[in-house]
Amino acid sequence: MRPEPATSEVEPGALPAAPAWLDRAPEGPWCPPELREALPWAAAADYADLRTALHPWRAGWTLVGASRRGRLHAHRGEFREDAFGIETGEQFFLLVAADGAGSCRLSRIGSECACRAVVRRLGAVLADVVPPAMDSPALHQWLAALLAPALSAAIQDVAELARASGIDPREFRTTLLTAVWFASPAGELLAVSQVGDGFIAARRSDGRVERLGAGDVSEFSGEVSCFVPDDGASTRAQAIAVTDGADVTAILLGTDGVEDPFYPIERHGALLYSQLVGGVSEPAQHFQRQESQGPVFAPDGDQQLARWLGFERRGENDDRTLVAAWR
Amino acid sequence: MTVRRLPVYILADVSGSMQGTPIESVKSGISQLHRDLMSDPQAIESAYLSIVTFANTAEQVVPLTEVSLFNPPNLVASGNTNFGDALRLLLECFEHEIVRTTPEQKGDWKPLVFILSDGAPTDTAWPDYAQQLRNRRPANIIAVACGDQADVNCLKQVTEVVIQMKDLSPDSFRAFFKFVSASVRQTSAKVGALAEGGAITLPPPPPGITIVP
C-alpha cells in the first residue's frame, strides 16, 4: 500500500501567490551575430511571435499555415522555435513544418533554415519536372526517388550552415515534416517525409483521418531519437511514403505542440479535423479554454488558425504550428 | 489525453550522520524548493514531487504529488545508510508511478532524481540496484555527495552526474535546492537525441558545488 503524504510539521513559510503567465518579448537578435554572414537574409528577417500564411491554389485547394509562440517561451522571454513553409508550382504544392529542439541554443535558426531549404530544394526539382507515363506503383517510386535527394540536400544545407559558422550542428537541431502534393496527368499523389515527432495526416473522402508519417515516439515525452541535421536524418527523411491522393480532401502537418494535446492523432485526428472544418462551439474535452470561433478552412483561414492555436490545456505550453491544405 | 507530468524524486539520506544542521537544512531546502516551484506556472502545471528517505530502510514519505498539493514532510535522522533499499524503492516507484508513452497516451517527461547522501552504504545489495538503474536509464539522476565522508565512487556507479557539496552549511543546502528548482524549470523541453541517452542539460551548479569528473 502506498503511504499517505506526510503531514507537514515543518513551517513551510508563506507560499507565493498563484503566478500568472507572462508575455515577454524575446531578448537579443533573432539571428546572432556569428551567423549573419552565413545567413544574409536573416539580418532583414522580421521575427514575429505569430506568423500566418494563406495561399489559394488551383483545383479547389487552399493552403494555410500558422506558427504561434507557446506560453512557456513567452513566459521566459524566448523566441518561437517552430517554423513552417508553403510553396506552390503549376503541378505541385508543398507544406513543411519544423520544431526546433528546446534544449538546443540555435534550434529556432535550424527550424527556419530547414523549412527554407526544403522549400528551395524541393521547389526546384518539382517546378519543371515532367512525370513519365507509367502505372501507379512505378509513379510512386519515381516521385519518391525525385524527392529523396532534394530532401537530403536540404538537410545538408543545415549541416553546412553549422560547419560554415563553426558551430556544433547539434545546436541547430529541429524536427522536419514535409508533404508534397503532385498532380500528374496519371493521377494525384501525396508524398510525405518525417524526421522527429509531430504528425502528418490525410483526411480521406470517407471521413477517415489517417496518419501518414512515421512518428518518433519514445518511452517519455519530449524525447526524439533523431533530429535534423544529425547523422541518420537524411536516411529518415528519404524514407518517403507516397499514396494516391484522389480521395484526399485535407492534409495536416502539426508539430508536437499540436499533436500532444490531440494525442493519439489516430483517435483524435477526426476531432481536430472537425474543428478546422466546422469551427469550435465548445472546448474539446480536457481543454481548459478554447474560444468559440469560425472554421479554419475558410477564406480567412489564416486568422482563424492563429486563433485556434491559442487553446489552453494544462501542461501543454509549447510552440504550436499547423500547416494544412484542404479542398 | 491526460496531463503529462515531470516527476521529480528527492532521495534523502536520513541516517544518523545527517543529524543536526544537515537534516534541518534538507527540510528547509525542500520547503524552499516547493516555494520556488509554486512561483512558476509551468512547474505548477507539470511538476510532481516525491520524497524518498533512507536510513535503516527506505520509505517513500511523500508519493508523487503535484506541486500545488505538496506538503513538505518532517524528516528525522537516525540509523544506518541502506542505500540499496533506497535504489530498490526508487525502481519500484518508477514501476508504479511513472506513465510511459503508449499508442493511446503520451508518457510523462523523463523523471528527474536527486540523491543526497553524506556517507557510504552500510548494505551490500546496492551495487545490483545501481547496475539496474544504469542499464535501464529510467530517469535523469543527479547524485549529490554531501561533505567529505560521502562515497563518491558509490554514487558514480548509479549515475554519471555526481556533484560534490563540500560544505554542509544551511547556505550550501539552500543553494543546492535552488539548483534543483532551476533544473526542474529547465527540464520540460524537447531533449537531445536518445542515442545520446536523452540527457538533459543542467543549469550551472552554484558556487561551492562542483561537478565530479
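The following exercises, each with a worked solution, concern a predicted model.

**Exercise 1.** Locate A:Ser218 in chain A, decide whether A:Ser218 is buried or exposed, and find which backbone oxygens its side chain reaches.

*Solution.* Begin with the position along the chain: A:Ser218 sits in the loop that runs between strand E8 (209-211) and helix H5 (233-237) of chain A. Next, take the relative accessible area of A:Ser218, which is 12%; because buried means under 20%, A:Ser218 is buried. Finally, look at the side chain of A:Ser218, which reaches the backbone oxygen of A:Phe220 at 3.1 Å, while a polar atom of that side chain also lies 3.1 Å from the backbone oxygen of A:Glu223.

**Exercise 2.** Describe the second largest pocket by its volume and by the residues that line it.

*Solution.* The volume of the second largest pocket comes to about 350 Å³. Its lining is made up of 20 residues, of which A:Arg68, A:Arg69, A:Gly70, A:Arg71 and A:Ala74 are the closest to the centre of the pocket. Sorted by class, the lining has eleven charged, six nonpolar and three polar residues.

**Exercise 3.** Work out how many disulfides the structure holds, and examine A:Cys115 and B:Cys154.

*Solution.* Over all chains, the structure holds zero disulfides. For A:Cys115, the nearest cysteine sulfur belongs to A:Cys113 and is 9.5 Å away, whereas a disulfide needs two cysteine sulfur atoms within 2.5 Å. For B:Cys154, the nearest cysteine sulfur is that of B:Cys146, 13 Å away, and B:Cys154 is likewise in no disulfide. As a last step, consider accessibility: A:Cys115 is buried, with a relative accessible area of 1%, and B:Cys154 is buried, with a relative accessible area of 3%.

Technical notes
Residues numbered from 1 in each chain as written. Chains lettered and ligands numbered in written order. Predicted model: local features only at pLDDT ≥ 70, side-chain atom pairs only at ≥ 80, totals over all residues. Heavy atoms only, no water. Helix = DSSP H or I, 4+ residues; strand = E, 2+ residues; numbered from the N terminus. Buried < 20%, exposed > 50% of the residue type's maximum accessible area, 1.4 Å probe, protein only. Polar contact = N/O pair within 3.5 Å; in protein donor to acceptor, adjacent residues only side chain to side chain. 1 Å grid on protein atoms, 1.4 Å probe; cavity = no way out; pocket = protein on both sides within 12 Å on 5 of 7 lines; lining within 4 Å. Points joined across faces, edges and corners; volume = space filled by probe spheres on them. Nonpolar A, V, L, I, M, F, W, Y, C, P; charged D, E, K, R; others polar.
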